[in-house]
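User: Please examine the structure shown below and justify each assignment by setting the value against its criterion.

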Amino acid sequence: MRLRLLCVVIGFFIGSINLDFIFGKIMKVGCANNDSGSLLSKNERIIKFVSFFIKAVLSFFICRNIFGDTIGSSAGIYGYIGTMLGRDFSVVLKRGEKY
């Protein structure tokens, strides 16, 4: 049980990282601070999808490689669940991502 919780915590902190801001600065698209309530453009939606996909895959493989021998391949799924929670309840941004 403790290892599963640890996988969720690892995924939570990976999910809290704001890759949208980094990718937005590189591609010069301002999707990180779009709180005006307007719809996101196609480029902004692609950046948000790619950043979440990278975080989900990263947490899945980290948790599966560290704890896979002990609790099996479900460790990656617990890491993914933590990533979803970290994205929605970010401790770094003090709010979740808005779509």
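Analyst: The following exchange concerns a predicted model.

User: What makes the span of helix α1 agree with its number of residues?

Analyst: Helix α1 covers residues 2-15, that is, 14 residues. At 1.5 Å a residue these should span 20 Å, and the end C-alpha atoms are 20 Å apart, so the two values agree.

User: How do you know which side of α1 is buried and which is exposed?

Analyst: The buried residues of α1 are C7, V8, G11, F12, I14 and G15. Viewed down the helix axis, they fall within an arc of 165 degrees and therefore line one face of α1. R2 and L5, on the other side, are exposed. The cover over the buried residues includes α3 (42-71) and α4 (74-88).

User: Why is C7 called buried?

Analyst: A residue counts as buried under 20% relative accessible area. C7 has a value of 0%, so C7 is buried. C63 also has a relative accessible area of 0% and is therefore buried.

User: How do you know whether C7 and C63 are in a disulfide or in none?

Analyst: The sulfur of C63 is the nearest cysteine sulfur to that of C7, at 4.1 Å. A disulfide requires the two sulfur atoms to be within 2.5 Å, so this pair does not qualify. C63 is likewise in no disulfide, and a search of the whole structure finds 0 disulfides.

User: What does UniProt list as "transmembrane region", and what is the chain over residues 46-67?

Analyst: The unreviewed UniProt entry lists residues 5-26 and 46-67 under that name. Over residues 46-67 the model is 100% helix and 0% strand, with the end C-alpha atoms 31 Å apart.

Methods
Residues are numbered from 1 along each chain as its sequence is written. This is a predicted model: local features need pLDDT of at least 70, side-chain atom pairs count only at pLDDT 80 or more; totals for chains, interfaces and linings use all residues. Side-chain values use heavy atoms; hydrogens and water are left out. Helices (H or I, at least four residues) and strands (E, at least two) are DSSP runs, numbered from the N terminus. The expected span of a helix is 1.5 Å times one less than its number of residues. Buried means under 20% relative accessible area, exposed over 50%, partly exposed in between (1.4 Å probe, protein chains only). The arc is that of the directions from the helix axis to the C-beta atoms. Contact means heavy atoms within 4.5 Å. UniProt positions are given in the numbering used here, feature names are shortened, and annotations may be inferred rather than shown by experiment.
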